[in-house]
Amino acid sequence: MNTHLKRWVLLGLTAASLGIMASSASDVHIQSYIVHADSYQIPYAGKEKEFQHKINPGYGSALVFKDKKSDGTIEFYGITDRGPNGDIPKYLKDGKKKSGKFFPTPKFTPSIGVITVSPTKHRADITQSIPLNVQGKPITGKPLPDGLTGSTNELALNFAMKNLGTDKNGLDTEGLTVDKDGNFWISDEYGPFILKANKNGTILEKYGPGTGLPTILADRVPNRGSEGLTIDENGHIFALIQSPLNVDGKTAKTSKYTRIIELDPTTKETTMYAYPVDVGYKNTGAAKLGDITSIGHKQFLMIEQGKQHGRMQNLIYKVDLNDATPIANNGDLEYGRLDGKIIPAKKELILDLRANGWNIEKAEGLALLPDRKTIAVVNDNDFGIDINVSDKKVNNPSVSDYTYNSNKNIFVYNKDKSIHNIKLSLKKNAPTEQESQIWFFTLPHTL
């Protein structure tokens with residue numbers, strides 16, 4: 001797909017109803033490309049014919065501007081998440097429920113990629129991949145062992161419902177930036193963790209709740225840890241918590257705020273700020289922050305997305321922390337005890353992606369080009385896969401229709417509690433979600 005769209009878009013009040021007027025009728029120039037990754041297909045041992053023993057990779061969990069060549073070619077860094085995975089049925093062991101994921105390629109290594117866009121060739125490609133490692137040993141995206149900081153208590157399974165084990169160094173990578181020395185900084189959803197890696201992908205430093213990051217961050221909702229990450233002109237790292245924290249298991253759906261963390265890599269000091277999520281969600285736990293990129297002077301561009309008023313929204317806000325109140329390492333923010341007593345981050349709607357042709361579920365990577373007018377956005381294609389269920393007794397079955405009793409090795413159909421023989425396998429996702437895409441939105445004004 002190489003589409004070229006130009007349209008006038010009227011942007012109204014922010015969904016957060018903050019009384020901030022977004023850019024009015026704006027002429028936004030749009031260009032988009034499929035990101036080809038032919039040389040970096042993921043080997044897959046499954047027999048499903050539609051996959052031909054390979055899975056399409058996805059490097060769209062984050063985006064960082066790298067370089068622009070004299071011929072107009074633009075290079076970015078992107079990053080994968082933990083790898084191909086999909087939901088499992090409810091899993092019972094000794095009468096207790098466990099959550100988990102299918103991992104069809106359990107040895108997959110989360111990796112940083114170079115995305116090269118050539119406007120003259122009307123093409124975008126992955127041209128390099130840098131696997132992450134600890135002391136030379138590749139990591140995986142499998143969950144951490146129970147009891148470790150960052151553990152989600154998930155099971156990693158194959159389609160025979162066999163446990164694939166854990167990885168003490170496992171990461172669900174999401175955010176990415178590069179410092180002045182060429183080191184990568186990465187955020188992770190498990191811990192949440194913030195990591196520093198060298199240009200070869202070797203992890204040098206790792207910060208987590210209680211080990212360099214505030215302990216309150218351990219109350220993240222599982223798999224809703226640190227999403228976007230960026231670096232400012234002072235070398236400070238800024239990371240987002242994807243959704244409101246679940247303090248004492250009570251605030252995930254009610255808190256008005258999620259958190260932005262500032263880390264000074266030199267002094268190791270951290271500061272937290274309150275980010276007010278939009279008010280149009282069924283509950284605030286449906287809010288998901290995506291990527292963040294610094295535009296200088298404690299101002300940022302940031303993606304907020306999720307269903308608001310029953311419709312999917314993918315919104316880019318300008319966020320200003322200059323007057324924001326530092327937030328303590330406790331749950332007062334999430335419980336509402338600070339309402340009216342603090343100044344949260346200021347937010348202003350810059351671009352409504354869906355009003356500008358975006359038709360993909362997740363916008364996860366974000367970068368601003370040097371012209372300070374062109375915003376690049378990539379999607380997370382989740383490797384283009386979904387889980388297929390075959391059941392001769394049920395029309396259009398889904399994974400959530402079943403409970404697996406591991407002690408008896410049986411699948412129970414939830415609606416009538418009867419035993420069913422089912423087959424689990426991979427299927428390709430909807431066409432618009434299968435491919436990685438990079439879009440360019442050029443605004444009529446600089447940021």
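Which residues line the second largest cavity? The legends below take up this question first, then turn to strands and loops of this predicted model.

**View 1. The second largest cavity and its lining.** A search of the whole structure finds 3 cavities of 30 Å³ or more. The second largest holds about 40 Å³ of space. Its lining is made up of Val-35, Tyr-59, Gly-60, Ile-115, Ile-126, Val-378, Asn-379, Ser-436 and Gln-437. Sorted by class, the lining has 5 nonpolar and 4 polar residues. Charged residues are absent from the lining.

**View 2. Confidence along the protein chain.** The average pLDDT of the chain is 93. A score of at least 70 is reached by 94% of the residues. Residues 1-25 have a pLDDT below 50. In the model, this stretch has 72 contacts beyond near neighbours in sequence.

**View 3. An open sheet of 4 strands.** Strands of a sheet pair through backbone hydrogen bonds, and the pairing is either parallel or antiparallel. Here the order is β24-β25-β26-β27, and the pairing is antiparallel. The edge strands are β24 (288-296) and β27 (346-352), and each pairs on one side only. On average, neighbouring strands of this sheet are turned by 30 degrees against each other, direction ignored. Look at β24 and β25 (residues 299-308): 6 bridges join these antiparallel strands. Gly-296 has Gln-299 in β25 as its bridge partner.

**View 4. An open sheet of 5 strands.** The strands follow the order β15-β16-β17-β18-β19, and their pairing is mixed. Why do β15 and β19 each have one side without a neighbour in the sheet? Both strands, β15 (173-178) and β19 (212-213), stand at the edges with a single partner strand each, so one side of each is left without a neighbour in the sheet. Within the sheet, β16 and β17 run antiparallel and are joined by 5 bridges. Ser-187 stands opposite Ile-194 in β17.

**View 5. A cis peptide bond in the loop between β16 and β17.** Pro-192 lies in the loop between β16 (184-188) and β17 (193-197). The peptide bond from Gly-191 to Pro-192 is cis. Its omega is near -5 degrees. Most peptide bonds are trans.

**View 6. Gln-52 and its positive phi.** Most residues other than glycine have a negative phi. Gln-52 is not a glycine, yet its phi is positive, at about 50 degrees. Where is Gln-52 placed? Gln-52 sits in the loop between β3 (42-43) and β4 (54-55).

**View 7. The hairpin of β31 and β32.** Strands β31 (residues 402-405) and β32 (residues 410-413) pair in the antiparallel sense. The pairing runs over 4 bridges. Tyr-404 stands opposite Phe-411 in β32. Between the strands there are 4 residues. In this hairpin, Asn-409 takes a positive phi near 55 degrees.

**View 8. The hairpin of β32 and β33.** Strand β32 is also joined to β33 (residues 418-420), by 3 bridges. These two strands run antiparallel. The bridge partner of Tyr-413 in β33 is Ser-418. This hairpin has 4 residues between its strands. Which residue of the hairpin takes a positive phi near 60 degrees? That residue is Lys-417.

Terms used
Residues are numbered from 1 along each chain as its sequence is written. This is a predicted model: local features need pLDDT of at least 70, side-chain atom pairs count only at pLDDT 80 or more; totals for chains, interfaces and linings use all residues. Side-chain values use heavy atoms; hydrogens and water are left out. Two strands pair if DSSP finds at least two bridges between them. Axes are lines fitted to C-alpha atoms, for helices over the stretch in contact, and angles run from 0 to 180 degrees between N-to-C directions. On a 1 Å grid over the protein atoms alone, a cavity is a set of points where a 1.4 Å probe fits but cannot get out, and a pocket is an open set with protein on both sides within 12 Å along at least five of seven lines; lining residues have an atom within 4 Å of a point. Grid points are joined across faces, edges and corners, and a volume is the space filled by probe spheres set on the points. Ala, Val, Leu, Ile, Met, Phe, Trp, Tyr, Cys and Pro count as nonpolar, Asp, Glu, Lys and Arg as charged, and the others, Gly among them, as polar. pLDDT is the predictor's confidence in each residue, from 0 to 100. Contact means heavy atoms within 4.5 Å.
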